[in-house]
Structures are given as C-alpha cells and as structure tokens.
Amino acid sequence: MLRWIMHVDMDAFYASVEQLDNPELRGLPVIVGGDHERSVVSTCSYEARKFGVRSAMSIAMAKRLCPQGIIVPVRMPRYLEKSREIMQIFHELSPLVEQLSVDEAFLDMSGMEGIYCNIREAGELVKRRIKEETGLTASVGLAPNKFLAKIASDLEKPDGLTIIEHAKVKSFIAPLKVGRIFGVGKAAQQQLLQYGITTIGQLHSLDFHILQKVFGKNAYTIKQLAEGIDSRPVVPEREAQSIGREVTFSEDLHTYSECQEEILWLCGQVGYRLRRQGFVGRTVTVKVKYADFTLKTHSYTSDRDIFCDEDIITISMGLLKKVSLVKGIRLLGVTVGSLSFGASINLGFEEEERLKKRNEALDNLKNRFGEGIIHRGKY
Ligand code: TTP
Ligand code: MG
C-alpha cells in the first residue's frame, strides 16, 4: 500500500474569513491586526502581500509599505468557528487527522486511492468541499510523507494543489532551497553557503562530516530529509490532551490565602508547560482532595484561547472560591484542557502582546535557570 500524506493549509486564513464576512473587503489589501502603532500583523490578504506586507511585521511598517491597506481587528472566536468547520471536513475524509494550527492539518490518505479514482481526485475533493461548505480556499499538498506534503502545499499558494509522486521525490526536491527543510535556519543557511550549498540536492551530496559540523546531532535527520525520507506518523489525538500539575500537602490547608499561594505556583507550572509545548487551551480545571479523601473538580471553559499565566490564574482563583474549607484540603491541582496547537497564534491586541511578552520573559528565565528561579509572590 502506498503511503499518501495530505497537508492542507488555508490561504491567508484570518484575512480570507474577513473578506468572506465583509464582501466589500474582497479583492482589497486587507491587513488583520491591532490598530495601534505597536501592534503586529497577524496576517494579510494576498492583495496586501504584493506590497511586501507579512505576518509578524509591525502595523506601522505595514502601513508604510501599503498605505491603502485596510486594517481590521482580530476576531479569534470567528476564526476558531471556521477552523472547526474545516477540521470537521477533514475528519469526514480520513480517520487520521493531525491538526497543526488553526488553519492547517495533516491527513493520512494511505490506501484511499481505491475510494477515489486517483490521489489527485482526493486533493480536488478536499479543496472543493472546503470551498463549498466554508466559502474559503485552501492549498493542498499530497506526498509520500509529512515533510514533503508540507513543502508541496506551499508551492502553489493560494488555491494550490501539488502532488509529489513517489517515483519523483528526489528529482522534485533536489532543486529546492535548503531553507525549505525545517531545521535549516538562517544560521545554518549561512554556514552552508560557505561550502557553496544552496539547494537540497547539493545538501544531500555533501560530505557527512561537514553535515555534522553544521547540524551536530541532527545531521542524520537532515540528511534523511534531504533525500525525501520522513517516517513520522500522523498523530491524531492532540485535542484530547490536557496539561496539569497537582500537589499533596504534608499538612492539610485551612485558609484561602494558603490555597491561593499554592494555586499561583501550580498555574505558573502549568502555563510554562503549555507554552513550551506550543499549545493553547480552553478549559481550566481545579481539582481538590479534601482531608477525608473525597475528590471534587471545578471547571470553566473560556470562549477564547488560554495560554498566559494571568488567564490561568484568574480562572483558577475564581474556581477556588467554590471550594469549601470546612474539611481541610489535602491536595490541589490545576489542569488546562481542550488543547489545540497554537504556537503561531498572535492575537494582535496590544494588551495581549504585552501579556505574551511578559510570559515569554518568564519562560526564558525558567528555560535558562530552571523552574525554581521565579514564581509569582501575590495574586
Ligand atoms: P499561516 O497559515 O501561516 O498564514 P495564512 O493562512 O494567513 O497565509 P498562507 O497560509 O496563505 O500563507 O497562519 C494561519 C493564521 O495564523 C493566519 O491567518 C493568522 C495566524 N498567524 C498569526 O496570528 N501570526 C503569525 O505570525 C502567523 C504566521 C500566523
Ligand atoms: Mg494558512
């Protein structure tokens, strides 16, 4: 059975949803982001990309490049709604779907050539269903593995469909630039340039010792990728995951201030883990075990993504108010659930950006000096 992996990535996702909902924006350079000089561009329509506007650029810079650009605020709940519609279509087409972010996923389509006349038809069907059912366009890559499928979906954006046949893998990727390989960043590209290497084909024929010099322990993986080999499976159950921490006390707690202190510490740990793994969540649960060993959980589900310590703390503290202190508390736990992969999400609001930066600064300290280095003293 031939292995076929599909990568689907929506075109200019947030901007396309804005153009869908506001027909007067169609065909125009739309820039999605906060309208403050200090906010950043989340994404922009392809019409705005012609002027050089890009994701993560400051709004100020985007305005300079494209003065006629129409700046619209981020409406995350609406994008998540469309995202769920798209993911639902994927789940109807394959039993193995791995969501990578709000607008992209891998689908394992192996063994499905029989259902469709050929694999191209499967690609066309996904694109057609997305267009008809959500009003949006997607770019699709079909290839023997994840690495190649992701490259393929990007090659003919927007509204693209690129197929890399099994027999043509090497000739297909050989002329592509080395930067297409995940893990070959700017610094590695500079180093490779010193050896005259710019394409994946040249990288593959490079002496292994040089590869080791540039990539260290990742040299072998890079060599495999440069040959078009990637055996990573499509892993579907991300959404079911949760990240939590709990602590059992040597002496039962009897006051809110003691509990608050513990919750603060737990929230810091959970938030750090959440962000380190690139997740955002929707549900926060506080778990309590009383001195008589009875167990109680309290949950709250938010309509927006949770990834900052501040949000986890505010919600957990609210839930803590529901906890009775009469019996004494033996254990407290905090969990963030309903996870999705959100590493690239950029909300674009100034306040959110400030929170994000503060959390990043905390995480950097913890990465360098260990988790014990810092925690919030007061709620
Ligand atoms: P992408 O798929 O990277 O970008 P896109 O869908 O806007 O454009 P295309 O795929 O056609 O190149 O990201 C999906 C969404 O994630 C994007 O619409 C907005 C959001 N996002 C941010 O908020 N900040 C970022 O820096 C990036 C890259 C994306
Ligand atoms: Mg996209």
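**Figure 1. An octahedral site holds the magnesium ion (ligand 2) in this predicted model.** Six donor atoms surround the ion, and the angles among them run from 83 to 175°. The site counts as octahedral because opposite donors are over 155 degrees apart and all others lie between 65 and 115. The protein donors are Asp9 (OD), Met10 (O) and Asp103 (OD). They lie 2.0 to 2.3 Å from the magnesium ion. Along the chain, the donors follow the spacing D-M-x92-D. Are Asp9 and Met10 buried or exposed? Asp9 is buried, and Met10 is buried too.

**Figure 2. Ligand 1 sits among 15 residues.** Those that come nearest are Ala12, Thr43, Tyr46, Arg49 and Asp103. Asp103 is also one of the protein donors of the magnesium ion (ligand 2). A polar side-chain atom of Asp103 lies 2.9 Å from an oxygen atom of ligand 1. The backbone takes part as well. A polar backbone atom of Ala12 is 2.8 Å from an oxygen atom of ligand 1. For Phe13, a backbone N or O atom lies 3.0 Å from an oxygen atom of the ligand. Taken alone, ligand 1 exposes 550 Å². The protein buries 82% of that area. Which elements give two or more residues to the shell around ligand 1? They are strand E1 (5-10), helix H1 (13-21), strand E3 (41-44) and helix H2 (46-49).

**Figure 3. Helix H1 is mostly covered.** Seven of the nine residues in H1 are buried. They are Phe13, Tyr14, Ala15, Ser16, Val17, Glu18 and Gln19. Phe13 also appears beside ligand 1, with a backbone N or O atom 3.0 Å from one of the ligand's oxygen atoms. What do the buried residues of H1 pack against? Their partners are E1, strand E2 (30-33), E3, H2, strand E4 (70-72) and helix H4 (76-93). Keep one rule in mind when viewing any helix. An α-helix has 3.6 residues a turn, so residues three or four places apart point the same way.

**Figure 4. Arg129 is a buried arginine in helix H5.** Helix H5 covers residues 119-134. Arg129 counts as buried because its relative accessibility is 18%, and the cut-off for buried is under 20%. The side chains of Arg129 and Glu133 are joined by a polar contact of 2.7 Å. Leaving out residues up to four places away in sequence, Arg129 touches Ile89, Glu92, Leu93 and Thr134.

**Figure 5. Arg282 lies in strand E10 and is buried.** The strand spans residues 279-290. Arg282 has a relative accessible area of 13%. How far apart are Arg282 and Asp305 in sequence and in space? They are 23 residues apart in sequence and 5.5 Å apart in space, C-alpha to C-alpha. Neighbours within four places in sequence aside, Arg282 is in contact with Leu80, Gly337 and Ser338, among others. Its contacts also include Tyr300, Thr301, Ser302, Asp303, Arg304, Asp305 and Ile306.

**Figure 6. Asp363 is buried in helix H14.** The helix runs through residues 350-369. The relative accessible area of Asp363 is 10%. Residues up to four places away in sequence aside, Asp363 touches Tyr272 and Arg275.

**Figure 7. Loops hold a cis peptide bond and residues with positive phi.** Most residues other than glycine have a negative phi, and most peptide bonds are trans. Where is the cis bond? It joins Lys157 and Pro158, with omega about -10°. Pro158 lies in the loop between helix H6 (146-155) and strand E8 (161-163). Asp159 lies in the loop between H6 and E8 too. Its phi is near 60°, a positive value. Asp159 is partly exposed, at 46% relative accessible area. Ala56 is found in the loop between H2 and helix H3 (59-65). Phi of Ala56 is positive, about 75°. Ala56 counts as exposed because its relative accessibility is 54%.

**Figure 8. The chain as a whole sets the scene for the close-ups.** The chain has 14 helices and 13 strands. Its C-alpha atoms fill a box of roughly 70 × 55 × 45 Å along the principal axes. Of the 379 residues, 50% are buried. The chain exposes about 18,500 Å², and carbon and sulfur atoms supply 53% of that.

Conventions
Residues numbered from 1 in each chain as written. Chains lettered and ligands numbered in written order. Predicted model: local features only at pLDDT ≥ 70, side-chain atom pairs only at ≥ 80, totals over all residues. Heavy atoms only, no water. Donors = N, O, S within 2.8 Å, 3.2 Å for Na, K, Ca; no water. Tetrahedral: all angles 85-135°; square planar, octahedral: opposite > 155°, others 65-115°. Buried < 20%, exposed > 50% of the residue type's maximum accessible area, 1.4 Å probe, protein only. Helix = DSSP H or I, 4+ residues; strand = E, 2+ residues; numbered from the N terminus. Polar contact = N/O pair within 3.5 Å; in protein donor to acceptor, adjacent residues only side chain to side chain. Contact = heavy atoms within 4.5 Å. Near = heavy atom within 4 Å. Areas by Shrake-Rupley, 256 points an atom, 1.4 Å probe, with all protein chains shown as cover.
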